[in-house]
Amino acid sequence: MSERRDHGRVVVVGAGIIGICCALFLRRRGFAVTVVDPEAPCSQTSSGNAGGFAVTEVMPMSAPGLIWRVPGWLFDPLGPLAVRWRYLPQLLPWLVRFIGSGSAANIQPRARALAALMTSTFDDFMPLLQAAGVADSVISAGALTVYRDRAASRADALEWQTKRACGIRCEELDGADVHDLEPDLSPDLRFGVFTPDWRHTLDPHRLATALVDLLQREGGAVRRGRVTIVESDHGGTHSVRLQDGSALLADRLVVAAGAWSRPFARQLDNLNVALESERGYNTTLPTPGVQLRREVIFAERKFVATPMAMGLRIGGAAEFAGLTAPPNYKRCAALLNLARTYLPALRTEGGSQWMGHRPSTSDSLPVISRSPRHANVFYAFGHGHLGLTQAATTGRLIAELACGDTPSIDIEPFNVTRF
Ligand SMILES: Cc1cc2nc3c(=O)[nH]c(=O)nc-3n(C[C@H](O)[C@H](O)[C@H](O)COP(=O)(O)OP(=O)(O)OC[C@H]3O[C@@H](n4cnc5c(N)ncnc54)[C@H](O)[C@@H]3O)c2cc1C
């Protein structure tokens, strides 16, 4: 990975965790890399997520039977799903594709594609984190998914079957084992599944910004600016225009603008990718009064709690309201109300609230792809709930494509033209 050749100039659009990991792998392959972002690097979705290296989460979001659960969720004020009704007309095409992708026949191939993508998560990530000096912020304690009882877990039977079929280790636990692992959970939780391969970070923002520093130490550049348009000449050089009127020349271009990536695929390839902002919320409690040792997933109410350096982070929810509507922090309060029922000693004072835009595709697979029109344009976006987990492997695959290597896994399922 560290061999250096001069492969020319690359501009990466977007300095989230995906763009930064792409830039690092490209830099290590010898490219002169500039990452451009109007905001501080890794200050958007990649700054405040739940911190899970969720390598076990191979189940696509749209699955058989989901549609029947949706109305109940939508009308439940504490429910995991919300749509701002004024946004529904814009959401509809994505929603139709999302529901359409949830047939039983579709699940296994997509799950296998996600499993293949996440097999090398730690092999790809850990060397970067060691070089960045933040490997110690990754905790290998597995994750615990909890239910009221075994019967309640049957609603997720297909999910567990799918995970096992992909070779993921899932250990069923009775109530006593659940409370041995996490004594502060309510005694009402009497069934759990422990997935030992999951890890979590104590601080996703610190981790991401340490990678930004590493990139700069290794000679990559990070520049503030909003990319407005990309002009390509016939020789394959791109002029990347910024809002301030300046332009950067690039021999290769990587689009890694997270939930904001859609217009670039439209402009460069005339593609209408099914990408939406799936807004998620959390609250980080500095003095939670309870202690968890690992990430806990409260499966029936679809939220998670992660023990972090700055407190206990409680979050989840999926809200469809687009990229510009203001956050509705009532969703944070709703999640804390739920959390109190499962963590009876929880203290919720002094929490800091956060909202982020998951870049979610309709089929829950990311886009990791060469452009069909431009041999030297690459797409790396749409990682939905799993962008932290998949970032380093995405970066390695994009560097392989940019160098003309055969990608080390089959990336056809992630092709940008599939929508
Ligand atoms: C509540 C919540 C919890 C989550 N928990 C987890 C988890 O536990 N594990 C996990 O793996 N994932 C998790 N995720 C998902 C993960 O955070 C995202 O998938 C990931 O951060 C996406 O990274 P990104 O780099 O694609 O996007 P971003 O971090 O959003 O970066 C995109 C960047 O593009 C920039 N940009 C936009 N327009 C332009 C433009 N015109 N020119 C230049 N730059 C532009 C933006 O400013 C932004 O900085 C969670 C997400 C949420 C919301």
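K163 is buried, at a relative accessible area of 1%. Its salt-bridge partner, E57, is partly exposed, with 22% relative accessibility. The pair is one part of a predicted model that holds 19 salt bridges. The chain divides into domain 1 (9-46 + 206-273 + 364-418) and domain 2 (57-103 + 138-198 + 275-361).

**K163 and E57**

- The side chains of K163 and E57 meet in a salt bridge, N to O, at 3.0 Å.
- K163 sits in helix α7 (residues 157-165), while E57 sits in the loop between β3 (52-53) and α2 (66-74).
- The pair therefore ties together parts that are 106 residues apart in sequence.
- The cut-off for buried is under 20% relative accessible area, so E57 at 22% falls in the partly exposed class.

**R396 and its acidic partners**

- R396 forms a salt bridge with D124, and the closest N and O atoms are 2.7 Å apart.
- This pair links distant parts of the chain, with R396 in helix α12 (residues 387-403) and D124 in helix α5 (residues 121-132).
- R396 and D124 are 272 residues apart.
- Both R396 and D124 are buried.
- R396 also forms a salt bridge with E400, where the closest N and O atoms are 2.9 Å apart.
- E400 and R396 are four residues apart in helix α12, so about one helical turn separates them.
- E400 is buried, as is R396.
- Elsewhere, E57, E159 and K163 are joined into one network by salt bridges that share partners.

**Nonpolar cores**

- In soluble globular proteins, nonpolar side chains tend to be buried together.
- The largest nonpolar core here has 72 residues.
- Within that core, L26, F125, L211 and V254 touch the most other members.
- Domain 1 and domain 2 both give residues to this core, so it lies between them.
- Beyond four places away in sequence, F125 touches C21, F53, L207, L211, L388, T389, A391 and A392.
- Another core, of 27 residues, lies apart from the largest one.
- Members of this other core include L292, V296, C332 and L335.

**Domain interface**

- The C-alpha centres of the two domains lie 29 Å apart.
- At the interface, 19 residues of domain 1 are in contact with 17 residues of domain 2.
- The area buried between the domains is about 1,500 Å².
- Carbon and sulfur atoms give 62% of that buried area.
- A259, S364 and H385 supply 39% of the area that domain 1 buries against domain 2, more than any other three residues.
- Zero salt bridges are found across this interface.
- Eight residue pairs are found in polar contact across the interface, with both residues at pLDDT 80 or more.

**H200**

- H200 belongs to strand β9 (residues 199-201).
- H200 counts as buried because its relative accessibility is 1%.
- Its side chain reaches the backbone oxygen of P307, at 3.3 Å.
- Leaving out residues up to four places away in sequence, H200 touches G51, G52, F53, S137, V138, I139, R293, R294, E295, T306 and P307.
- P307 is thus among the residues that H200 touches, and its backbone oxygen is what the H200 side chain reaches.

Key: Residues are numbered from 1 along each chain as its sequence is written. This is a predicted model: local features need pLDDT of at least 70, side-chain atom pairs count only at pLDDT 80 or more; totals for chains, interfaces and linings use all residues. Side-chain values use heavy atoms; hydrogens and water are left out. A salt bridge is a side-chain nitrogen of Lys or Arg within 4 Å of a carboxyl oxygen of Asp or Glu. Helices (H or I, at least four residues) and strands (E, at least two) are DSSP runs, numbered from the N terminus. Buried means under 20% relative accessible area, exposed over 50%, partly exposed in between (1.4 Å probe, protein chains only). A nonpolar core is a set of buried Ala, Val, Leu, Ile, Met, Phe, Trp, Tyr and Cys residues joined through side-chain atoms within 4.5 Å. Domain bounds come from an automatic or database domain assignment. Contact means heavy atoms within 4.5 Å. Buried area is the accessible area (1.4 Å probe) that two parts lose on being put together, summed over both. A polar contact is a pair of N or O atoms within 3.5 Å; within protein, one must be able to donate a hydrogen and the other to accept it, and residues adjacent in sequence count only if both atoms are side-chain atoms.
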